[in-house]
Amino acid sequence: MGIKQRRKREKEQRRQQILDASRTLLFKKGLNAISVNQIARQAELAVGTIYFYFRSKEEIFAALQEEGLELLLGDVQRALDAGANATECLHNIAQAYLNFSQEHKNYFDVINYFLSAGDVMFTPEIKQQIDQHGIRILKVVEQALQDGVDQGQFRVVNVRRHALLFWVILHGLVPFRKMKDTLLADDSHAALYYFAVDNFIGGLSQAVPFRRVSEGRLPVENEEASEGNDRD
């Protein structure tokens, strides 16, 4: 191995050292209670070394999220590419997300932390940078839904809204795995997870969707028109 390659590897190892230390502190103390000095001590590096790689602690935690989201994007894209039709693609994506939460638990926990923590503040620039990764993942789900509409598998829907709903269902159900000895003592987490996925996909195939209103449940003949009225 040449000098240039060795230096590149050492630089990446130090960067990972910083990210690992930051992740450890994040779950111990929370973002607002962490300083760059604490990260340096945890990583056993000089404070100046931290600033060589990152301009602030916010950049460090943004990098953690971005690395995780990039891994997830690759998994989701491969799930889409492997599907023979839209229904299979959505099942594959659901499987990819469940696998990601188990195989890359550290990254999943970081993503979940920042989705759940309402008091976390990033600069608009950093937030937009992170959000772009999430949008790219959502676009893959939108593509699966649009393909289903184009192929006649699914009724015409607002693919953006349904992609968001699909992701909310997946993300919301993953943590229920922790309740295997309580709420799910007589059930299976995987069975519940795919039950929700199957019901979501089944809803896309229904001829007449329904919307809950104060007077009861009324049929909506054209969801696109209905959603357009919501915006008026």
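Here is a short chat about a predicted model of one protein chain.

Biologist: Before we dig in, what kind of model is this, and what is its average pLDDT?

Modeller: This is a predicted model, where local features need pLDDT of at least 70, side-chain atom pairs count only at pLDDT 80 or more, and totals for chains, interfaces and linings use all residues. Residues are numbered from 1 along each chain as its sequence is written, and side-chain values use heavy atoms, with hydrogens and water left out. pLDDT is the predictor's confidence in each residue, from 0 to 100. Here 87% of the residues score at least 70, and the chain average is 86.

Biologist: And where does pLDDT stay under 50?

Modeller: Look at a stretch for which the model has 32 contacts beyond four places in sequence, a contact being heavy atoms within 4.5 Å. The stretch with pLDDT under 50 is residues 208–232.

Biologist: In what order do the helices and strands run?

Modeller: Both kinds are DSSP runs numbered from the N terminus: helices are H or I with at least four residues, strands are E with at least two. The chain has 10 helices and 2 strands. From the N terminus on, the order is α-α-α-α-α-α-α-α-α-β-β-α.

Biologist: Which helix gives the largest share of the largest nonpolar core?

Modeller: A nonpolar core is a set of buried Ala, Val, Leu, Ile, Met, Phe, Trp, Tyr and Cys residues joined through side-chain atoms within 4.5 Å. Buried means under 20% relative accessible area, exposed over 50%, and partly exposed in between, using a 1.4 Å probe and protein chains only. This core has 66 residues, and Phe61, Leu90 and Trp167 are among those touching the most other members. Its largest share, 11 residues, comes from helix H4 (residues 57–82).

Biologist: How are H8 and H9 arranged, roughly parallel or roughly antiparallel?

Modeller: Axes are lines fitted to C-alpha atoms, for helices over the stretch in contact, and angles run from 0 to 180 degrees between N-to-C directions. Under 35 degrees counts as roughly parallel, over 145 as roughly antiparallel, 65 to 115 as roughly perpendicular and the rest as oblique. H8 (residues 159–173) and H9 (residues 189–205) have axes 10 Å apart and pack at about 170 degrees. H8 and H9 are therefore roughly antiparallel.

Biologist: What about H1 and H4?

Modeller: Residues including Leu19 and Leu26 in H1 meet residues including Phe61 and Leu64 in H4. The axes of H1 (residues 3–29) and H4 come within 10 Å and cross at roughly 100 degrees. That makes H1 and H4 roughly perpendicular.

Biologist: Which residue has a positive phi although it is not a glycine?

Modeller: Check the loop between helix H2 (36–43) and helix H3 (47–53). The residue there is exposed, with a relative accessible area of 71%. Its phi is about 60 degrees, and the residue is glutamate 44.

Biologist: Is isoleucine 34 buried or exposed?

Modeller: Isoleucine 34 is found in the loop between H1 and H2. Leaving aside neighbours within four places in sequence, isoleucine 34 is in contact with Leu25, Leu26, Lys29, Ile39, Lys57 and Phe61. At 4% relative accessibility, isoleucine 34 counts as buried.

Biologist: Last one: what is the C-alpha to C-alpha distance between leucine 73 and glycine 134?

Modeller: Leucine 73 lies in helix H4 and is buried, with a relative accessible area of 10%. Leucine 73 and glycine 134 are 61 residues apart in sequence, yet in space, C-alpha to C-alpha, they are 8.4 Å apart.
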